[in-house]
Amino acid sequence: MIKLLIISDDFTGALDTSVQLSASGATAYVTLDCKFNTSDFSPETDVLVIDAETRHLNQNDAYEAVFSITEHARIAGIPYIYKKTDSVLRGNIGAELSAVLKAGGQKRIHFIPAYPQMNRTTRKGIHYADNIPIDKSIFGKDPFEPVLYSDITQIIRSQTDITSFIIEDPRQDWSQYEGILIHDSQSAEDLEQIAQKLKEKGEIHLLAGCAGFASLLPMLTGLCGSKPQIPEISSHLLIACGSIHPVSLAQCSYAARRGAPHYHLTPEEKLSPSWANGDSACSLVSHVFQSCEESPVVILNANGPDEPEKTYAYAKENGIELSQIRENVVAVMAQLIEGLIDRGVNATVFLMGGDLLYQFVKQTGINVISPVYEVEQGVVLSEVLYKGKRINIISKSGGFGRESLFMDLSDRFQI
C-alpha cells in the first residue's frame with residue numbers, strides 16, 4: 001500500500017529524494033505517470049514518486065498539474081504527501097506549494113527548503129548557496145531559469161495569494177498560522193529538530209522541501225525495512241553531460257585534464273535532432289563506444305568550447321527559440337546514449353541534468369525507475385528495465401558534486 005507520495009518538478013530531484021526512502025529499506029518507485037493508478041503497483045509499494053515535469057511550465061499549468069496529482073492522492077487515501085522542491089528554489093515554488101495546500105485538505109503545509117549538506121541554507125527566510133544569497137549566486141545567472149529573489153516569501157508572493165510565514169525557531173508556536181510555513185534551517189541538527197516538532201504536533205501529512213529534509217521522512221513516516229542490495233557496478237563510466245551548469249562543466253574539464261576522452265557536440269549537431277540519425281552521429285557513437293572499452297571514464301558532452309555563447313549565436317542565426325534549444329539538445333543526447341546502450345557499451349551510464357534524464361526515460365519507453373542508493377550526496381544509482389534487461393543508471397543535478405567526482409567514483413568502483 002502506498003503510504004507516501006512525493007511530487008517532484010524534475011527527474012533528478014525525484015530520484016535524489018526517493019533514494020532517501022529506498023536507502024532505509026522502503027520500496028520506492030519513480031514514474032512519469034501523473035494519472036497513476038495505485039492498483040498498478042504491488043501491495044508492497046511504500047513510496048510512489050511522480051516526476052510531474054513542472055519545472056519549465058508556466059505557473060498556471062504547474063499549479064493545475066500539482067493540484068490534480070495531490071487531489072488524486074488524497075482521494076486514493078495516501079496519508080502523506082511531500083512536495084519536492086529545488087534546493088536553490090528554481091521553478092514554480094509558490095504555485096506548487098499552494099496547489100498541494102488547497103488540494104491536500106490541511107490548514108498548513110510546512111516548507112523546509114534547506115539542504116545544509118550541500119551548503120544550501122535558510123536564515124530569516126532568506127535562502128543561501130555557499131553563504132551567498134541565492135539570487136546573487138550562480139543560480140541567479142542561469143540563462144534558462146534564473147532565481148530572481150532570495151527572500152522566500154517574495155518568491156511565494158509572486159506566484160500565489162496564499163499567506164506565508166517564516167518560522168525561525170522550531171520551538172515557535174505556529175498553531176494560529178494557516179498557509180505556507182517556511183522553516184529556517186542551517187544545519188542537519190536544525191532539520192532534525194524541525195522534524196521532531198512536526199512529528200510531536202502530528203503535522204507530517206503535507207510537507208515540502210528538497211532532498212535534505214527528505215532524508216528524515218523514514219523517521220517521520222516509519223517507512224523502513226531491509227536495506228537494498230547494492231548491485232555490481234562497472235568501474236567504467238560514460239558521462240553524458242546535458243547541463244550547462246558551471247559545476248558540471250568543471251567536472252568534465254577536470255576529468256579531461258586527467259586523460260578522460262572528451263567528445264563534444266557542435267551547435268549544429270546538438271540543435272538538429274535529425275543529425276542523430278545520420279552517418280556522422282553513427283561514427284561518433286562508434287568512437288565513444290571504443291573509448292569506453294579502453295578508458296575508465298569517457299565524456300560525451302553537449303557543450304563544446306566557448307559555450308553556451310556559440311550555441312545561442314547559432315540558434316539566433318537559424319531562428320531557434322531559447323526554449324527549443326533545451327529540447328533539441330536533450331533529444332539528440334538521449335538518442336546517442338540509447339545507441340550506445342543498444343550496442344552494449346562497457347560502462348555505467350552517468351546522466352547529468354534532469355532534462356536529459358527525463359528525455360532519455362521518455363524516449364526509451366522506460367515506465368518506472370527504482371532508486372537503489374545514494375552513491376554520494378545528490379548522486380543516485382538507479383535500476384531500470386530496458387528492453388527486457390536490467391541496467392544501472394547514475395544521475396545527478398547539474399549543480400551537485402565536487403570537481404573530481406567522476407575520477408573518484410571510477411577509482412572507488414574498481415575496489
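Buried, as the word is used on this tour, means under 20% relative accessible area, while exposed means over 50% and partly exposed lies in between, with a 1.4 Å probe and protein chains only. The structure in the viewer is a predicted model, in which local features need pLDDT of at least 70 and side-chain atom pairs count only at pLDDT 80 or more, whereas totals for chains, interfaces and linings use all residues. Residues are numbered from 1 along each chain as its sequence is written, and side-chain values use heavy atoms, with hydrogens and water left out.

**The whole chain**

Begin with the whole chain in cartoon form, where 14 helices and 18 strands are found; these are DSSP runs numbered from the N terminus, helices being H or I with at least four residues and strands E with at least two. The C-alpha trace spans about 65 × 45 × 35 Å along its principal axes. The radius of gyration is 21 Å, which agrees with the value near 22 Å that a compact globule of 415 residues would have; this radius is taken over C-alpha atoms, and the globule rule is 2.2 Å times the number of residues to the power 0.38.

Colour the residues by accessibility next: of the 415 residues, 58% count as buried. If you then display contacts, meaning heavy atoms within 4.5 Å, you can consider those between residues at least 6 apart in sequence, of which 73% join residues at least 24 apart.

**R55 and E145**

Select R55 and E145, whose side chains meet in a salt bridge at 3.6 Å, N to O; the term requires a side-chain nitrogen of Lys or Arg within 4 Å of a carboxyl oxygen of Asp or Glu. This pair links distant parts of the chain, since R55 lies in the loop between β3 (47-51) and α2 (59-75) and E145 in the loop between β8 (132-133) and α4 (152-157), 90 residues apart. Are these two residues buried or exposed? Both R55 and E145 are buried.

**Two further salt bridges**

The structure holds 19 salt bridges, and two others are worth selecting in turn. In one of them, the side chains of R171 and D169 meet at 2.7 Å, N to O; R171 is exposed, with a relative accessible area of 72%, whereas D169 counts as partly exposed at 27%. In the other, R390 and E383 meet through their side chains at 3.4 Å, N to O; here R390 is exposed at 55% relative accessible area, and E383 counts as partly exposed at 24%. To see a network, select D9, D10, R55, D86, R90 and E145 together, which are joined into one by salt bridges that share partners.

**The loop that holds L89**

Move on to L89, in the loop between β4 (80-84) and α3 (93-104). Which feature of its backbone deserves a look? L89 has a positive phi of about 70° although it is not a glycine, and at 4% relative accessibility L89 counts as buried.

From there, select N58 in the loop between β3 and α2, which is partly exposed with a relative accessible area of 44%. The C-alpha atoms of N58 and G91 are separated by 9.0 Å, although the two residues are 33 residues apart along the chain.

**H264 and its contacts**

Select H264, which is found in strand β13 (residues 262-264) and is partly exposed, with a relative accessible area of 34%. Which residues does H264 contact, leaving aside its neighbours within four places in sequence? They are E269, N301, N303 and G304. A C-alpha to C-alpha distance of 8.3 Å separates H264 from I299, 35 residues apart in sequence.

**A cis peptide bond**

Now select E307 and P308, which are joined by a cis peptide bond with omega about 10°; P308 lies in the loop between β14 (297-301) and α11 (309-317).

**The last two stops**

G344 is in the loop between α12 (322-342) and β15 (348-352), where it counts as partly exposed at 44% relative accessibility. Measure from its C-alpha atom to that of F289, 55 residues apart along the chain, and the model gives 8.6 Å.

Finish at K387, in the loop between β17 (379-386) and β18 (389-396). K387 has a positive phi of about 50° although it is not a glycine, and it counts as exposed, at 63% relative accessibility.
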